[in-house]
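Dear colleague,

I am handing over the structure we spoke of, placed just below, and after it I set out what was found. Please read the notes with the coordinates open beside you.

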2 protein chains.
Amino acid sequence: MSSQSISDKQKDLLAAALKLFVQYGFHGTPTSQIAKQAGVANGTLFHYYKTKEDLIVSLYIDIKTRMGQHVEEKAAKDKNPRKDFRNQFIEIILWSLENKDDYYFIQQFHSSPFAALVPTEVIKKQLSKSCAQIEDAIKQKAIKNRDTEFILTLMSSHIFGLSQYLTKAKLADKEQKKIIKDSFDMLWKMIS
Amino acid sequence: MSSQSISDKQKDLLAAALKLFVQYGFHGTPTSQIAKQAGVANGTLFHYYKTKEDLIVSLYIDIKTRMGQHVEEKAAKDKNPRKDFRNQFIEIILWSLENKDDYYFIQQFHSSPFAALVPTEVIKKQLSKSCAQIEDAIKQKAIKNRDTEFILTLMSSHIFGLSQYLTKAKLADKEQKKIIKDSFDMLWKMIS
DNA sequence: ACATTTGTAGAGTGAGCAGTCAATCTATAT
DNA sequence: ATATAGATTGACTGCTCACTCTACAAATGT
C-alpha cells in the first residue's frame with residue numbers, strides 16, 4: 001500500500017489531497033475533486049489507493065517522513081545536548097513555517113479518528129529517535145529526570161504552540177528568529 | 001441560533017453529537033444517528049439547528065462555555081499571580097480529565113475548517129479574561145514581558161500536552177497530582 | 001512479433017446522507 | 001371553547017460520493 005518509490009501521479013495526488021483537505025477538511029473533499037485537481041482520472045486515484053482512508057493515512061505517513069528527513073539533513077549534529085536539541089527545534093519550526101499546509105494537516109490528522117489507523121510499527125519508528133535522544137540527555141543530566149514520554153509531549157506541544165503563534169502573527173524575518181531562539185531558551189529552562 | 005436557555009432535547013442532542021463525533025468524527029456521524037442516539041426524531045434535530053454545521057459550532061460554544069464556567073467557579077482567586085494561575089491551571093487540567101470527550105472535541109474542532117465559523121465576538125470574549133490576566137501579571141513583573149498572545153499560546157499548548165499525556169498514561173491519583181503540580185512549576189519557570 | 005502486466009481513463013452504480021414537508025400533538029393565550 | 005404558535009414526528013427526496021467496471025494504452029518481458 002503506497003510504499004516503495006512514489007510515482008509522479010501519486011505525488012500529484014498527494015499534493016492535491018493535501019491542499020484540499022486543509023481547505024475543506026477530510027469529508028468536505030470528494031475524491032473526485034482530488035483527482036481533478038491532480039489532473040488524473042477518478043479511477044486512477046483508486047488504482048493507487050484502495051480507499052479514501054488509505055489515501056489519507058498514506059498522505060500522513062508521507063508528510064511525516066519528509067519532515068523527518070528534512071530535520072535529519074538540515075539540523076547540525078552536536079555533542080552538547082542543548083545545542084543538539086536547539087538545532088532540531090529550529091529546523092522543525094522553520095519547516096513548519098515553510099510547509100504550513102503539511103503541518104496543519106498533521107494536527108488535523110492527529111485529532112481525527114484516522115489517527116488510530118496508522119500502524120503501530122510506523123508510530124514507534126517515528127518516536128524512537130526522539131525518545132533515545134531524550135533518554136540520552138537525561139543520563140547526561142542535561143535535562144530533568146522525568147518520564148521520556150512526558151518530556152517528549154511537552155516539547156512537541158511547545159513546538160506546536162510556537163508554530164501556531166508564528167503563523168498567526170506574521171512578523172519580519174529578524175523578529176521571527178529572535179522569538180524562535182527566545183522560545184527555545186524558555187523551553188530549555190523548563191526542562192533542564 | 002441555539003442561544004438562550006437550552007431545552008432538554010437540545011441537551012440530549014448535544015450530548016449525543018459529542019459522543020458520536022468523538023468516536024466517528026464529524027463526517028463519520030450522520031445526523032440520523034445523532035437524532036437516534038438522542039432519542040428524538042430526525043426532523044427535531046433540524047428544528048433546533050438549521051444545519052449540521054450549526055449543530056457542530058453550537059456544540060463547540062456550549063462546551064467552551066461550560067469549561068469556562070467550571071474554572072470560574074472552582075478556581076480559588078488569589079492576589080498572587082503565580083497562585084492564581086496555578087489554581088486555574090489545575091482546574092482546567094482536572095476538568096479536561098473528567099471530561100475527556102469534551103476536551104478532545106475541542107481539539108478536533110480547532111484543527112478543522114469549522115473553526116473559522118465561530119463568530120469573532122465569541123472568540124474575543126473567550127480570550128479577553130485570560131489576556132487581561134496575563135497582561136496584569138506582566139505589569140506586576142510576575143511573568144516575562146512578551147506579547148500576550150505568545151504567552152497565552154505557550155500556556156495553552158502546555159496544558160494541552162499535559163492533558164494528552166495524562167490521558168494516555170493512566171496513573172494513580174496521587175501520582176497524577178504530583179505530575180500536575182510539577183508540570184505547572186515547569187511552566188512557571190519557563191514564563192517567569 | 002507477441003504476450004502479459006501495469007497504468008489510465010471516465011462513465012456508471014448503488015448506498016447513504018442532509019435537509020424538507022405535511023401532518024399531528026401540546027401549550028398557552030384569549 | 002377556540003385560536004395561534006411552537007414542538008415533534010418520520011417518511012420522503014434529490015443529490016452527492018466512494019468505489020467499480022470495462023475498455024484501451026503503454027510499458028515490459030520473452
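Before turning to particular places, a word on naming: helices here are DSSP runs of H or I with at least four residues, and they are numbered from the N terminus. Please also keep in mind throughout that this is a predicted model.

With that naming, the place of Lys141(A) can be given as the loop between α7 (120–139) and α8 of chain A. Although Lys141(A) is not a glycine, its phi is positive, at about 60°. The residue is exposed because its relative accessible area of 73% lies over the 50% that the term requires. In chain B, Lys141(B) sits in the loop between α7 (120–139) and α8 of that chain, and there too a residue that is not a glycine has a positive phi of about 60°. Lys141(B) is likewise exposed, with a relative accessible area of 76%.

As for the chain as a whole, chain A has 9 helices and 0 strands, and reading along its sequence gives the pattern α-α-α-α-α-α-α-α-α. Taken along the principal axes, the C-alpha atoms of chain A fill a box of roughly 55 × 40 × 30 Å. Of the 192 residues in chain A, 46% are buried, and among the contacts that join residues at least 6 apart in sequence, 65% are between residues at least 24 apart.

One part of that buried set is in helix α6 (residues 100–110) of chain A, where Asp102(A), Tyr103(A), Phe105(A), Ile106(A), Gln107(A), Gln108(A) and Phe109(A) are buried. The partners against which the buried residues of α6(A) pack are α1 (8–24), α4 (52–74), α5 (81–98) and α8 of chain A.

Next comes the relation between the two chains. A turn of 180°, with a shift of 0.0 Å along the axis, lays chain A on chain B with an RMSD of 0.0 Å, and this is the relation of a two-fold axis. Both copies use the same surface, since 100% of the contact residues of chain A recur in chain B.

At the interface, 34 residues of chain A are in contact with 34 residues of chain B. The area buried between the chains is about 2800 Å², and carbon and sulfur atoms give 67% of it. On the side of chain A, the residues that lose the most area to chain B are Phe150(A), Tyr165(A) and Met186(A), which together account for 22% of what that side buries.

Helix α8 (residues 148–168) of chain A packs on helix α8 (residues 148–168) of chain B at an angle of about 145°, the axes being 8 Å apart. The crossing of α8(A) with α8(B) is right-handed. Among the residues that make this contact are Phe150(A), Leu154(A), Phe160(A) and Tyr165(A) of α8(A), together with Phe150(B), Leu154(B), Phe160(B) and Tyr165(B) of α8(B). Sorted by class, the contact of α8(A) with α8(B) has 10 nonpolar, 8 polar and 2 charged residues.

A last residue to look at is Arg86(B), which belongs to helix α5 (residues 81–98) of chain B. Arg86(B) is partly exposed, with a relative accessible area of 28%. From C-alpha to C-alpha, Arg86(B) and Ala76(B) are 9.6 Å apart in space, while in sequence they are 10 residues apart.

With best regards

Terms used:
Residues numbered from 1 in each chain as written. Chains lettered and ligands numbered in written order. Predicted model: local features only at pLDDT ≥ 70, side-chain atom pairs only at ≥ 80, totals over all residues. Heavy atoms only, no water. Helix = DSSP H or I, 4+ residues; strand = E, 2+ residues; numbered from the N terminus. Buried < 20%, exposed > 50% of the residue type's maximum accessible area, 1.4 Å probe, protein only. Axes fitted to C-alpha atoms, helices over the stretch in contact; angles between N-to-C directions. Left-handed = near helix turned anticlockwise from the far one by under 90°. Contact = heavy atoms within 4.5 Å. Nonpolar A, V, L, I, M, F, W, Y, C, P; charged D, E, K, R; others polar. Least-squares fit on C-alpha atoms with pLDDT ≥ 70 in both. Buried area = accessible area lost by both parts, 1.4 Å probe.
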